[in-house]
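Let's take a friendly walk through a protein model together. Keep the picture at hand and look up each place as we reach it.

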Amino acid sequence: MLQHLIKSFLRPKEIRAIFNLKYEEAAKKKPYSSKNISTISRLEKKEFCYAILHKVSRSFASVIQQLPEEVRDVICVFYLVLRGLDSIEDDMSIPREEKRKLLTNFYEKNFDREWHLNQVGDGEGYRLLLERYEHVSFFFNCLEPRFQEVITDICLEMGQGMSQYLDREITTIDDYNLYCHYVAGLVGVGLTRIFALSGLEKEDLSNDPELSNSMGLFLQKTNIIRDIHEDLGQGRTFWPAEVWNKYTDQQEQLLAQPVSDQSLFCLNHLVTEALRHSTDCLEYLSKIRNLQIFKFCAIPQVMAIATLNEIYNNPWVFKKNVKIRKGLAARLIMETCSIDDVRSVFKEMAMNIFKKISIGDPNCEETVSQLSLIIHSESSQRLTAPSANHVVKSFSTT
Ligand code: CA
């Protein structure tokens, strides 16, 4: 905790947020967070599910637990089912055809009260989730059929999409968008259907699946850009060749020459491309009515734009996993309560990115135009509009 406080030394708002968040977490006394793996493995059914949720994703587990009762269990199961599927996709030790079969048939396993899978998944939490999957299917079968239907639809479509990508690389931007749709956009689509079905949100929230899709794509692309060092190190690649080919013949060169213009321009190109989704995200969030659902949807989005700001033009991305300061994360969690809060964070981050644009960057104009869209996303709160000319001027005079 001390190092996080030191990093936020000149930011009193962040220091306050770190303490408030600690206090809030302690006050909630999360019943599952302290359990270790061997204790969890002895739990059953619903209890097992909530406990394993904490093991596979601490950040999601706490936001899921704050959701209204009407959707909490459904989203817990939805999340675990998709985690199970993702663990299979990520396990590089499964032979390809076996993996294909598992991915495409996975949706059926939720109806099988005994099915489980041993020795699959990276990390003990993921392994245990699949080893004791019968508890997830038990919980799944306790849900109302209309919710089971949403989970089944998404699981089927995602599994088929993942299996398609076993034989295909992410070459074009279209491939990149389609892959991100399968692994993340569909999560947005499914969550939206769940919110609407529960009656907590208006039915028309699910009328525009493109907006829900953008919510997932914005998060997924942020992770893909941030994780380049880790992914390439493990022999995986998600950056579309159509983009990196403009800057280098071999993707590994980006890691080898982190401070070169070409590496940074390539990184900035992808950040700019991801920023295209931000106005859709703001529109989606402006339609949410329930406060808990709003926070559940909005917090990951403000974290994503803060991450894009952190990684824009940052050579460290090619050397390590760059993260936002804990103090900033705490501030974003504590301060995200309304669409105006979200808009103000998006604008703050857009202005920060704007200041880092360099004149030689081939995408400089496109970056400026994406940032302007964010900054002008609401007419009542006009900030000074940066224009491409302004960048050219400010850089040519220095
Ligand atoms: Ca995956």
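## Buried, exposed or in between

A residue counts as buried when its relative accessible area is under 20%, as exposed when that area is over 50%, and as partly exposed in between. Please keep in mind that this is a predicted model. Let's try the cut-offs on Leu156, a residue of helix 10 (residues 145-164). Its relative accessible area is 27%, so Leu156 is partly exposed.

What does Leu156 touch, leaving aside its neighbours within four places in sequence? Thr104 and Tyr107 are its contacts. Ile18 makes a useful landmark here: it is 138 residues from Leu156 along the chain, and the two C-alpha atoms are separated by 40 Å.

## The calcium ion

Next, find the calcium ion. Three residues of the protein act as its donors: Asp86 (OD), Glu89 (OE) and Asp90 (OD), at 2.3 to 2.4 Å from the ion. Written as a pattern along the sequence, the spacing of these donor residues is D-x2-E-D.

Why are Asp86 and Asp90 separated by about one helical turn? Both belong to helix 6 (residues 69-90), and they are separated by about one turn because they are 4 residues apart in that helix. Asp90 has a relative accessibility of 24%, so it counts as partly exposed.

## Helix 6 meets helix 7

Two packed helices are described by the angle between their axes and the distance between the axes. For helix 6 and helix 7 (residues 96-109), the axes come within 10 Å and cross at roughly 165 degrees. An angle over 145 degrees counts as roughly antiparallel, and therefore helix 6 and helix 7 are roughly antiparallel to each other. Their crossing is left-handed.

Helix 6 brings Val81, Gly84, Leu85, Ile88 and Glu89 to this contact, while helix 7 brings Lys99, Leu102, Leu103 and Phe106. Sorted by class, these are 6 nonpolar, 1 polar and 2 charged residues. Notice that Glu89 has two roles, as a donor of the calcium ion and as a part of the contact with helix 7.

## Two loop residues with positive phi

Now let's visit two loops. Gln119 is in the loop between helix 7 and helix 8 (124-131). Although Gln119 is not a glycine, its phi is positive, at about 60 degrees. Is this residue buried or exposed? With a relative accessible area of 56%, Gln119 is exposed.

Asn313 sits in the loop between helix 18 (291-311) and helix 19 (326-335). It too has a positive phi of about 60 degrees without being a glycine. Asn313 has a relative accessible area of 27%, so it is partly exposed.

## Helix 16 and helix 18

Helix 16 (residues 261-275) holds Glu273, which is buried, with a relative accessible area of 9%. Not counting its neighbours within four places in sequence, Glu273 is in contact with Ile173, Tyr176, Asn177 and Lys221.

Helix 16 also packs with helix 18, at an angle of about 160 degrees and with the axes 10 Å apart. Helix 16 and helix 18 are therefore roughly antiparallel to each other, and their crossing is left-handed. The contact is made by Leu267, Val271, Ala274 and Leu275 of helix 16 together with Ile305, Leu308 and Ile311 of helix 18. What classes of residue are found here? There are 7 nonpolar residues, with no polar and no charged ones.

## Helix 18 and helix 20

Helix 18 has another partner in helix 20 (residues 339-356): these two pack at an angle of about 10 degrees, with their axes 9 Å apart. That makes helix 18 roughly parallel to helix 20. On the helix 18 side, the contact includes Phe294, Ile305, Ala306 and Leu308, and on the helix 20 side it includes Phe346, Met349 and Ile353. By class, the contact has 12 nonpolar, 3 polar and 2 charged residues.

Finish with a look at Ala306, a residue of helix 18. Its relative accessibility is 0%, so Ala306 counts as buried. Apart from residues up to four places away in sequence, Ala306 touches Ile324, Leu328, Leu332 and Met349. Gln65 is 241 residues from Ala306 along the chain, and their C-alpha atoms are separated by 24 Å.

Methods: Residues are numbered from 1 along each chain as its sequence is written. This is a predicted model: local features need pLDDT of at least 70, side-chain atom pairs count only at pLDDT 80 or more; totals for chains, interfaces and linings use all residues. Side-chain values use heavy atoms; hydrogens and water are left out. Donors are N, O and S atoms within 2.8 Å of the metal (3.2 Å for Na, K and Ca); water is not among the atoms, so sites may look incomplete. Buried means under 20% relative accessible area, exposed over 50%, partly exposed in between (1.4 Å probe, protein chains only). Axes are lines fitted to C-alpha atoms, for helices over the stretch in contact, and angles run from 0 to 180 degrees between N-to-C directions. Angles under 35 degrees count as roughly parallel, over 145 as roughly antiparallel, 65 to 115 as roughly perpendicular and the rest as oblique. A crossing is left-handed if the near helix is turned anticlockwise from the far one by less than a right angle, and right-handed if clockwise. Contact means heavy atoms within 4.5 Å. Ala, Val, Leu, Ile, Met, Phe, Trp, Tyr, Cys and Pro count as nonpolar, Asp, Glu, Lys and Arg as charged, and the others, Gly among them, as polar.
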